[in-house]
Amino acid sequence: MAETPAIRTDRLCLWYRTFQALHDISLDIEQGRITSLIGPSGCGKSTLLRCMNRIVERLPYVRITGGIEVLGHDVRAPEVELLQLRRQVGMVFQRPNPLPLSIRDNVAFTYRLQRGTQRIPRPELDEVVEAALREVLLWDAVKDRLDDSALGLSLEEQQKLCIARLLPVKPAVLLMDEPCSALDPAGTEAVEELIWKLRGAYTIVIVTHNMAQARRASESCIFMLMGRVVEHRPTDELFVAPQHPETADYIEGRYG
Amino acid sequence: MFSSTPLDARNKRIQNRVRILFGLMTVLLVLPVLLILGLLVYKGAPVISLEFLLTSPTEGMTAGGIMPALLGTIWLVSVALLVSVPVGVAAAIFLSEYARDNWVTRVINLAIINLAGVPSIVHALFGVGAFVLFFRFGTSILAASLTLGIMTLPVVIVSTREALQAVPHAFREACWAMGATRWQTIWRVVLPNAVSGILTGIILEVSRTAGETAPIMFTGAAFFLPYLPVSVYDQTMALSLHLFVISTQVPGVPEALPFGVALVLIALVLTMNATSIVFRTVLRRRRKW
């Protein structure tokens, strides 16, 4: 692989107090692809995701060893500004969590944070908002009600909005923690389509419980079990010819 | 099948009795409020007039109006608010948004609860010792308002903290994950959504402050003053103390006069409470979670 990996972890271990949640995770996640993280509940996939933008450190009793690099830069170096990291590595949560602001203000939120106290001219802001909403296929649905509360949108639209609001600051990586599990089948399909459309432009890491989703909507797949990576291969290979018996058992639904 | 057994009948009887008993208790709760209001309006309304509100007491406080006392109460409440709102709101924000749960914050919480439990007369003595004597403010609006402010601080802190904690945690997480600092999160998301609750707490505090007598009688409120206060270093009359004085200390006051004063005081408090309800509904209508 010639390119710098989007995310590289090197013998990453993580403890919650005395419980070790991650064991020696060494991974390269390629740029511009969709990588899914699958595995049974409690296997550490969400924890791993939350390491990548260091949001896991909000808990005071977490201890981490090993390295995490995003685009070749050590994110745990002392000079790293957490706020910059979090804008570069955006996160989408399981439950859509738009802020209780208008649709416009939600999308403009990160952009405004980045510009600080500087006043942003209205046309510039409008352009940014429109571009982000178009990118997530939401523009046509909401262009006439940008000043309405974002909480009035359907869950599917809310989740798209949560993705849209990460985009104005040009993040390199989007982390998604079961982004569809609060949505109905139609919403899931729409959001999956969106994620598929965003590949190439962003590196996407998506945690999912839904095997079919991992298969449909990712190019690379990581199977985790008890805090370790068991298998990391292109999705179609992993699902067609898993190399480890644990992987095979899991994807065939023998446990999970 | 499905027919009633003796046990069902018994359960139903108990259920009915419980409902009636509890309903009665609820009526008992409302009754005194209605009686008090009714009595006050019935006996006090005849003396209420614009003149009553806008003139000074005359003839040894047995006639005339209540303007200095009304004005004095407004002075006391406003200065007390200036003291307790900034301190209380800032402390609540710190406790709710910044402080970690450890023994220090637990001790602080305990202190707040205890402060709320201190009887008002003890606050009064503290006010005399600290503000009147030690800081040499003398008996003045400043000393009285500081005493009132400290007394109501726990109310502001607790109500503000509750309002902040009613804002769902998911909003904060969303903000932090987008690279907002704690302060940006508080300023842009938490406070705008907690403001109705905070205002409600503050207004309830106002209504409580307006009615207090003990904390002000040694620290700044006077029986009778022939002049109006012009600065916070002056003494002042106050509605609550005025009511106490003309009901118990002055001979020959016509019966309707104290009722009139009481009516004004309670109208003031109820107006405050009503404002807080209006505030809350208006601000709450804007949010949708």
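A disulfide is a pair of cysteine sulfur atoms within 2.5 Å. Keep that cut-off in mind for the first stop. This is a predicted model.

**Stop 1: the cysteines**

How many disulfides does the structure hold over all chains? Zero. Select Cys13(A) to check. Cys13(A) is in no disulfide, and its nearest cysteine sulfur belongs to Cys51(A), 10 Å away. Since a disulfide needs sulfur atoms within 2.5 Å, 10 Å does not qualify. Is Cys13(A) buried or exposed? Its relative accessibility is 9%, so Cys13(A) counts as buried.

Now select Cys162(A). Cys162(A) is in no disulfide either. Look across to chain B for its nearest cysteine sulfur: that of Cys175(B), 11 Å away. Cys162(A) has a relative accessibility of 1%, so Cys162(A) counts as buried.

**Stop 2: two positive phi angles in chain A**

Select Asp24(A). Asp24(A) sits in strand β2 of chain A, residues 19-29. Its phi is near 45°, a positive value in a residue other than glycine. Asp24(A) has a relative accessible area of 49%, so Asp24(A) is partly exposed.

Move along to Leu71(A). Where does Leu71(A) lie? Find the loop between β4 (62-70) and β5 (73-74) of chain A. Leu71(A) is not a glycine, yet its phi is positive, about 50°. At 32% relative accessibility, Leu71(A) counts as partly exposed.

**Stop 3: Met211(A)**

Stay in chain A and select Met211(A). Met211(A) is in helix α8 of chain A, residues 211-217. Which residues does Met211(A) touch, leaving out those up to four places away in sequence? They are Ile38(A), Phe239(A), Tyr250(A) and Ile251(A). Next, draw a distance to Pro123(A). Met211(A) and Pro123(A) are 88 residues apart along the chain, and 43 Å separates their C-alpha atoms.

**Stop 4: helices α1 and α11 of chain B**

Switch to chain B. Select helix α1, residues 6-44. Add helix α11, residues 256-285. The axes of α1(B) and α11(B) come within 8 Å and cross at roughly 130°. The two helices are therefore oblique to each other. Their crossing is left-handed.

Show the side chains in the contact. From α1(B), display Ile36(B), Leu37(B), Leu39(B), Leu40(B), Val41(B), Lys43(B) and Gly44(B). From α11(B), display Ala256(B), Phe259(B), Gly260(B), Ala262(B), Leu263(B), Ile266(B) and Leu270(B). This contact of α1(B) with α11(B) holds eleven nonpolar residues, two polar and one charged.

Pick Ala267(B), also in α11 of chain B. Its relative accessibility is 37%, so Ala267(B) counts as partly exposed. Draw a C-alpha to C-alpha distance from Ala267(B) to Leu37(B): these residues are 230 apart in sequence and 9.6 Å apart in space.

**Stop 5: helices α4 and α6 of chain B**

Select α4(B), residues 103-117, and α6(B), residues 141-165. Their axes come within 8 Å and cross at roughly 125°. So α4(B) and α6(B) are oblique to each other. The crossing of α4(B) past α6(B) is left-handed.

Which residues meet here, from α4(B) and α6(B)? On the α4(B) side, find Asn109(B), Ile112(B), Leu115(B) and Ala116(B). On the α6(B) side, find Ile150(B), Pro154(B), Ile157(B), Val158(B) and Arg161(B). Colour them by type: seven are nonpolar, one is polar and one is charged.

**Stop 6: helices α3 and α8 of chain B**

Select α3(B), residues 67-98, and α8(B), residues 182-211. Their axes come within 10 Å and cross at roughly 145°. Is the crossing left-handed or right-handed? α3(B) passes α8(B) in a right-handed crossing.

Walk along the contact. Residues of α3(B) that take part include Thr73(B), Val77(B), Leu81(B), Val89(B) and Glu97(B). Among those of α8(B) are Arg182(B), Trp183(B), Val190(B), Ile198(B) and Glu205(B). The contact of α3(B) with α8(B) divides into 15 nonpolar, three polar and three charged residues.

**Stop 7: Ile216(B)**

Finish at Ile216(B), in helix α9 of chain B, residues 214-217. Its relative accessibility is 2%, so Ile216(B) counts as buried. Show its neighbours, leaving out residues up to four places away in sequence: Leu76(B), Ala144(B), Leu148(B), Ala221(B), Ala238(B) and Ser240(B). Last, draw a line to Glu97(B). Ile216(B) and Glu97(B) are 119 residues apart along the chain, with 34 Å between their C-alpha atoms.

Key
Residues are numbered from 1 along each chain as its sequence is written. Chains are lettered from A and ligands numbered from 1 in the order in which they are written. This is a predicted model: local features need pLDDT of at least 70, side-chain atom pairs count only at pLDDT 80 or more; totals for chains, interfaces and linings use all residues. Side-chain values use heavy atoms; hydrogens and water are left out. Axes are lines fitted to C-alpha atoms, for helices over the stretch in contact, and angles run from 0 to 180 degrees between N-to-C directions. Helices (H or I, at least four residues) and strands (E, at least two) are DSSP runs, numbered from the N terminus. Angles under 35 degrees count as roughly parallel, over 145 as roughly antiparallel, 65 to 115 as roughly perpendicular and the rest as oblique. A crossing is left-handed if the near helix is turned anticlockwise from the far one by less than a right angle, and right-handed if clockwise. Contact means heavy atoms within 4.5 Å. Ala, Val, Leu, Ile, Met, Phe, Trp, Tyr, Cys and Pro count as nonpolar, Asp, Glu, Lys and Arg as charged, and the others, Gly among them, as polar. Buried means under 20% relative accessible area, exposed over 50%, partly exposed in between (1.4 Å probe, protein chains only).
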